[in-house]
Amino acid sequence: MSLVAKLFGKGKGEKGPTPQDAIQKLRETEDMLMKKQEFLEKKIDQELTTAKKYGTKNKRAALMALKRKKRLEKQLEQIDGTLSTIEFQREALENANTNTEVLKNMGYAAKALKQAHNSMNVDDVHDLMDDIAEQQELANEISTAISTPAGFGMDMDEDELLAELEELEQEELDEKMLNVEGAMDPLPSVPSTSLPSNPAKKKEDEDDEMAELAAWAN
């Protein structure tokens, strides 16, 4: 039988304490020792006060108070060491308990993951992903076809449309030019009758004719 089993009265067939139980016991022990520590500190202060009180008046009583103070301080040191050991042991148990819980949960998750994968097949997964990709591509094609207008002149030649636009622009320009010309004052019309001949020229011709007639008469 191990020393721990002897101390706690555990035999071979008896189940040991759980980490939670051990941690709780250690915390209770810490609380007890801390209360003992506070008691000793008060007693030390009292013995110191007693030693100062007697001083040179009663050296024997003062020395006895100092001796008790030394013993109490020794106990206080032992309790401090015990508390450090218990605190270290408690922290180790808490870490071990945490690791145990973590491993337990990780094992549980691993079993759940294995159970989930048992119902899956890699080839089936690849086939499923291929089907999804194919259906997605088909859906995109359908969306594109639906969103594209049909029978609304989408196949018209752009050059032909540009030429027609230029014709419309030219017609509009010509119309503006005609409107500008119509707004201007009209030029005077050309007279239909012939202008009168030169009077001086006409008189000269008559004189020539008279002279010619006179020459025939002689």
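Axes here are lines fitted to C-alpha atoms, for helices over the stretch in contact, and the angle between two of them runs from 0 to 180 degrees between N-to-C directions. Keep that in mind for the helix pair on this tour. One more thing before you click: this is a predicted model.

**The whole chain**

Start with everything selected and colour by secondary structure. You should find 6 helices and 0 strands. Walking from the N terminus, the order of elements is α-α-α-α-α-α. Now switch on a surface. The protein chain exposes about 19,600 Å², with carbon and sulfur atoms supplying 57% of that area. How many of the 218 residues count as buried? The share is 10%. As for contacts in the chain with a separation of 6 or more, 76% of them come from residues 24 or more positions apart.

**Helices α2 and α3**

Next, select residues 19-54, which make up helix α2, and residues 59-118, which make up helix α3. Two packed helices are described by the angle between their axes and the distance between the axes. For this pair the angle is about 160°, and the axes are 8 Å apart. An angle over 145 degrees counts as roughly antiparallel, so α2 and α3 are roughly antiparallel to each other. Turn the view until one helix lies in front of the other, and you'll be looking at a left-handed crossing of α2 past α3. Colour the residues of this contact by type: 21 are nonpolar, 8 are polar and 14 are charged.

**Glu47**

Staying on α2, pick Glu47. Is Glu47 buried or exposed? With a relative accessibility of 8%, Glu47 counts as buried. Show the residues around it, skipping neighbours within four places in sequence, and you get Ala65, Arg68, Lys69 and Leu72 as contacts of Glu47.

**Lys69**

One of those contacts of Glu47 is Lys69, so click there next. Lys69 sits in helix α3. Its relative accessible area is 13%; anything under 20% is buried, and Lys69 therefore falls in that class. Which residues does Lys69 touch, leaving aside neighbours within four places in sequence? Ile44, Glu47 and Leu48 are in contact with Lys69.

**Tyr54**

For the last stop, go back to helix α2 and select Tyr54. Its side of the story is a bit more open to view: Tyr54 counts as partly exposed, at 30% relative accessibility. Beyond its neighbours within four places in sequence, Tyr54 is in contact with Ala61 and Ala62. Finally, draw a distance from the C-alpha of Tyr54 to the C-alpha of Ala65: these residues are 11 apart in sequence and 9.3 Å apart in space. You have already met Ala65, as one of the contacts of Glu47.

How values were computed
Residues are numbered from 1 along each chain as its sequence is written. This is a predicted model: local features need pLDDT of at least 70, side-chain atom pairs count only at pLDDT 80 or more; totals for chains, interfaces and linings use all residues. Side-chain values use heavy atoms; hydrogens and water are left out. Helices (H or I, at least four residues) and strands (E, at least two) are DSSP runs, numbered from the N terminus. Angles under 35 degrees count as roughly parallel, over 145 as roughly antiparallel, 65 to 115 as roughly perpendicular and the rest as oblique. A crossing is left-handed if the near helix is turned anticlockwise from the far one by less than a right angle, and right-handed if clockwise. Ala, Val, Leu, Ile, Met, Phe, Trp, Tyr, Cys and Pro count as nonpolar, Asp, Glu, Lys and Arg as charged, and the others, Gly among them, as polar. Buried means under 20% relative accessible area, exposed over 50%, partly exposed in between (1.4 Å probe, protein chains only). Contact means heavy atoms within 4.5 Å. Accessible areas come from the Shrake-Rupley method with a 1.4 Å probe; for residues, only the protein chains shown count as cover.
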